[in-house]
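Me: I would like a close look at one sheet in this model. Please take it slowly, and then set it against other parts of the chain.

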Amino acid sequence: MLDEKTPTYPPSDAFASTAHIDAATYEEMYAASIEDPEGFWGEHGKRIDWIKPYSIVKNTNFDFGNVSIKWYEDGTLNVAANCIDRHLEARGDQTAIIWEPDDPTEDALHISYRDLHREVCEMANVLKALGVGKGDRVVLYLPMIPEAAYAMLACARIGAIHSIVFAGFSADALGARINGCDAKVVITADGAPRGGRVTNLKDNVNQALLNVIHTCQSLVVRRTGQQVAWRSETDHWLHEMKETVSDDCPAEEIGAEDPLFILYTSGSTGQPKGVVHTSGGYLVYAAMTHQMTFDYHDGDVYWCTADVGWVTGHSYIVYGPLANGGTTVMFEGVPTYPDASRFWQVCEKHKVNQFYTAPTAIRALMGKGKEFVEKSDLSSLKTLGTVGEPINPEAWNWYNEVVGKGTCPIVDTWWQTETGGHLLTPLPGATATKPGSAMTPFFGIKPVVLEPESGKIIDDDPAEGVLCIADSWPAQMRTVWEDHPRFEATYFQQYKGYYFTGDGCRRDEDGHYWITGRVDDVINVSGHRMGTAEVESALVAHEAVSEAAVVGYPHDVKGQGIYAYVTLMSNKEPTDELRKELEVWVRSEIGPIAKPDLIQWAPGLPKTRSGKIMRRILRKIAENDYGSLGDTSTLAEPEVVDNLIENRMNR
Ligand code: WT7
């Protein structure tokens, strides 16, 4: 029985009656997808165009030691042709991309499918002229400008593999990723305007390349027109090179299992991993989820506010919407510039029908007051989505009432860089939603809740434990770039036979899923994943630091904030200047999103007698919940804890 206090929000009859999927269809299709995955995905694979049709649908193995994931393996296709060429005949003049610049007084662009075809062909020919071919890697370090989408699709067109590095990452992080995949070319811009300020991207690239041993050329988009330091041997202006190439470029025939992109993401240990996604299954799943999760219909204007530097931007700004022949908005700016009405102004201006953003943005805007929403006409909105972290019911209600006026279904989509697309999500015409719950599995997804220690399946509802997935789906990541053992160890070792998500979850009396957050040493800052190990290694790389331990703590707007315990070298004084210096240091090692919110000087860290840091205790202190530290009997030096509690920062 459902707790009487939990309200549910069913779609209106009117919404359900025109939706792609209503409640009955969901039940029927879900059952079919689980009973006969081959039949189901064999059929849905047809939503994209194949050069050579597949005969083998699914060939997947989750057994640790032999993990192998292949979908549609004998089919061939071209992802860019699916996102562009196949739409030219019916909708060549339809807008594919609406680009909204950072500065609202600058003109927006409406890029048709025909324009997109020309731009992507030219960019593809430029890449070829720079020596890029099938299987080569290209790093993108770009602002949210149309060229980011052109570059992704240009790579896809010629079979090159793109690896996007979020433009907010530092030169060091960029250098590591260029090295990590031996990129032949890095595509960047002179500068990136965002929120009225400009980041000098080209400078960062120059600095990053100082640490790159192999030859890497750069292709530079002129966005701001600012002065840049030019490396004459290896730098090329895109606009100059475009003059020299043809505007037609054949789409290569690509194997379904050839990599489409690499995207680095943080894990609980070590440096970020290069998540590899391939072509066929990924595109099928991105297109299908985009259509069904948002109930996207032909002619709708869809806006996902993410950055293409994250997987959300890959699947739900570029690949999913364009594979569906949709109109997708690309926004260069931030929600609060020039003021907190910007999102809603853009929704009004472009008559946005589906809007997809992160809980952290909703909380930040909620804090500014509803006046900012109410001055815009939001009557075009039909579906609202969220992604990135659990959404608290207060923010959910505000989104529902103030933004959606109680008439737009909200889809809280749970997924990961690794999953390529939505795994748990309401469907807007089918699901009676509950604020804060990701609700139900998408077609073909078999979630299971396991006891954390024993790994035993919990069948009965309600259930609480770790979330695993029992079988593969087409957009699952295939491997870690050049490190398959790490792939297996991270996702298939702990719970044999399952894909381990790293998230904890609760399944309620009705069988609905509630994500409770990470169960590993990964924290979620404003919907961005951060490995505590990464921040720690940045901190200890500073000459004043002898040891560091980093944990998350609840933060009103960001979801989680970064709390760092730092032990200094014995000859260093704990001063406020040093604290500032460490903040700047972490920003430059990783990027602004990794900057610790709170740094506590720790004369010692709580450790077991074998020397393992007891993070559970550090988490409790950071949460200001030190009354319930749990079992502390294994502490080597219990007095260390008293000192940390005494000097805690989050009071
Ligand atoms: C982690 C994945 C997938 C794109 C954005 C983040 C958390 C994501 C939700 C949600 C609760 C969520 C999980 C997940 N997460 N969406 N709707 N409700 N938690 O991608 O950087 O790969 O992070 O984000 O903890 O494991 P990512």
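Reply: Two strands count as paired if DSSP finds at least two bridges between them. The model is a predicted one, and the sheet to look at is an open sheet of 4 strands. Its order is β21-β22-β24-β25, and the pairing is antiparallel. β21 (447-450) and β25 (513-518) stand at the edges, and each has a single partner strand, so one side of each is left without a neighbour in the sheet. From one strand to the next, the twist averages 45 degrees.

As general background, strands of a sheet pair through backbone hydrogen bonds, in either a parallel or an antiparallel way. How many bridges join β21 to strand β22? β21 and β22 (residues 463-469) pair in the antiparallel sense over 4 bridges. One residue pair can be named here: P447 has I469 in β22 as its bridge partner.

The loop between β21 and β22 is where P462 is placed. The peptide bond that joins D461 to P462 is cis, with omega about -5 degrees. In general, most peptide bonds are trans. A second cis bond runs from Y337 to P338, with omega near -5 degrees. P338 has its place in the loop between β17 (327-331) and α13 (342-350).

Two strands of the sheet also matter for the ligand. There are 22 residues around the ligand, and those that come nearest are W414, Q416, T417, I515 and R529. The elements that give two or more residues to this shell are α12 (311-323), β20 (410-413), β24 (499-507) and β25. Which element gives the largest share? The answer is β24, with 3 residues. β24 is therefore a member of the four-stranded sheet as well as a contributor to the shell, and β25, an edge strand, is also on the list of contributors.

For comparison, consider another antiparallel pairing. Strand β28 (residues 545-555) and strand β29 (residues 559-568) pair over 10 bridges. These two strands form a hairpin with 3 residues between them. One of their bridges can be named: the partner of Y553 in β29 is G561.

A helix gives another kind of example. In α9 (residues 201-209), the buried residues are L201, K202, N204, V205, A208 and L209. Seen down the axis of α9, these buried residues fall within an arc of 155 degrees, so they line one face of the helix. They pack against β6 (137-141), α8 (171-180), β8 (185-189), β9 (192-194), β10 (197-199) and β11 (217-221).

A single residue can be placed in the same way. V346 lies in helix α13. Is V346 buried or exposed? V346 is buried because 22 other C-beta atoms lie within 10 Å, and the cut-off for buried is 20 or more. Leaving out residues up to four places away in sequence, V346 touches E100 and F331. V346 and E253 are 93 residues apart in sequence, and their C-alpha atoms are 38 Å apart in space.

Two loop residues have a backbone feature in common. In general, most residues other than glycine have a negative phi. K405 is not a glycine, yet its phi is positive, about 50 degrees. K405 has its place in the loop between α16 (393-403) and β20. K405 is exposed, with 12 other C-beta atoms within 10 Å. N624, also not a glycine, has a positive phi of about 60 degrees. N624 lies in the loop between α20 (615-622) and α21 (639-646), and with 14 C-beta neighbours inside 10 Å it counts as partly exposed.

Last comes the whole protein. The protein has 21 helices and 30 strands. Its radius of gyration is 24 Å, close to the 26 Å that the globule rule gives for 651 residues, so it is as compact as a globular protein of that length. The C-alpha trace spans about 75 × 65 × 55 Å along its principal axes. Of the 651 residues, 53% count as buried. Among contacts between residues at least 6 apart in sequence, 71% join residues at least 24 apart.

Definitions and conventions: Residues numbered from 1 in each chain as written. Predicted model: local features only at pLDDT ≥ 70, side-chain atom pairs only at ≥ 80, totals over all residues. Arc of directions from axis to C-beta. Contact = placed C-beta atoms within 7 Å. Axes fitted to C-alpha atoms, helices over the stretch in contact; angles between N-to-C directions. Rg over C-alpha atoms; globule rule 2.2 N^0.38 Å. Near = placed C-beta within 6 Å.
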